[in-house]
Amino acid sequence: MVTNTEDDDDSQEETVNYKLQYRNLKRKLKFLIYENECFQETLRSTQRRLLKASRDRSFLLDRLFALEKVEASSSEGEETESSDDGEMLRSDAKR
């Protein structure tokens, strides 16, 4: 009859071990879910910052290109005007 109690003790220990394993795994799962949520939030905020930086870059490049076009067209006009002004200054200096 002693063997029956020993068998019962062994089966209870195995059950307890399964319960402990289940509790440990459940605890680890909860931690991993929490960690995953934290990483997802970090990813979302980083993606928002990247999107904002990309938009700012595109906006600034568009403005830069627009200003370069204006400067290029105005510099061509200024060169012709400045050469005309130089001739006028020379003629005034001769008088």
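1. Burial. Of the 95 residues of the protein, 0% count as buried. The model is predicted, and the burial figure, like the other values below, is computed from that model. A residue would have to fall under 20% relative accessible area to be called buried.

2. Fold. The secondary structure comes to 1 helix and 0 strands. Helix α1 covers residues 2-94. A student looking for a sheet will not find one, as the strand count is 0.

3. Surface. The protein exposes about 9300 Å². Carbon and sulfur atoms supply 56% of this area.

4. Nonpolar patch. Phe31, Leu32 and Tyr34 make a nonpolar patch on the surface, with an area of about 360 Å². One of these residues, Tyr34, has its place in helix α1. Is Tyr34 buried or exposed? Its relative accessible area is 52%. The cut-off for exposed is over 50%, so Tyr34 counts as exposed.

5. Salt bridges. How many salt bridges does the structure hold? The number is 2. In one of them, the side chains of Glu41 and Arg44 meet, with 3.1 Å from N to O. Glu41 also forms a salt bridge with Arg48, where the closest N and O atoms are 3.8 Å apart. Salt bridges that share partners join Glu41, Arg44 and Arg48 into one network.

6. Spacing along the helix. Where do Glu41 and Arg44 lie? Both residues are in helix α1, and they are 3 residues apart. That spacing is about one turn of the helix.

7. Exposure of the charged pair. Glu41 has a relative accessible area of 40%, and Arg44 has a relative accessibility of 41%. Partly exposed is the class between under 20% and over 50%. Glu41 is therefore partly exposed, and Arg44 counts as partly exposed too.

8. Points to check in the structure. Find helix α1, residues 2-94. Then locate the patch made by Phe31, Leu32 and Tyr34, and after that the network of Glu41, Arg44 and Arg48.

Notes
Residues are numbered from 1 along each chain as its sequence is written. This is a predicted model: local features need pLDDT of at least 70, side-chain atom pairs count only at pLDDT 80 or more; totals for chains, interfaces and linings use all residues. Side-chain values use heavy atoms; hydrogens and water are left out. Helices (H or I, at least four residues) and strands (E, at least two) are DSSP runs, numbered from the N terminus. Buried means under 20% relative accessible area, exposed over 50%, partly exposed in between (1.4 Å probe, protein chains only). Accessible areas come from the Shrake-Rupley method with a 1.4 Å probe; for residues, only the protein chains shown count as cover. Patches are made of residues with over 30% relative accessible area and no salt bridge: like charges are joined within 9 Å, nonpolar side chains (Val, Leu, Ile, Met, Phe, Trp, Tyr) within 5 Å. A salt bridge is a side-chain nitrogen of Lys or Arg within 4 Å of a carboxyl oxygen of Asp or Glu.
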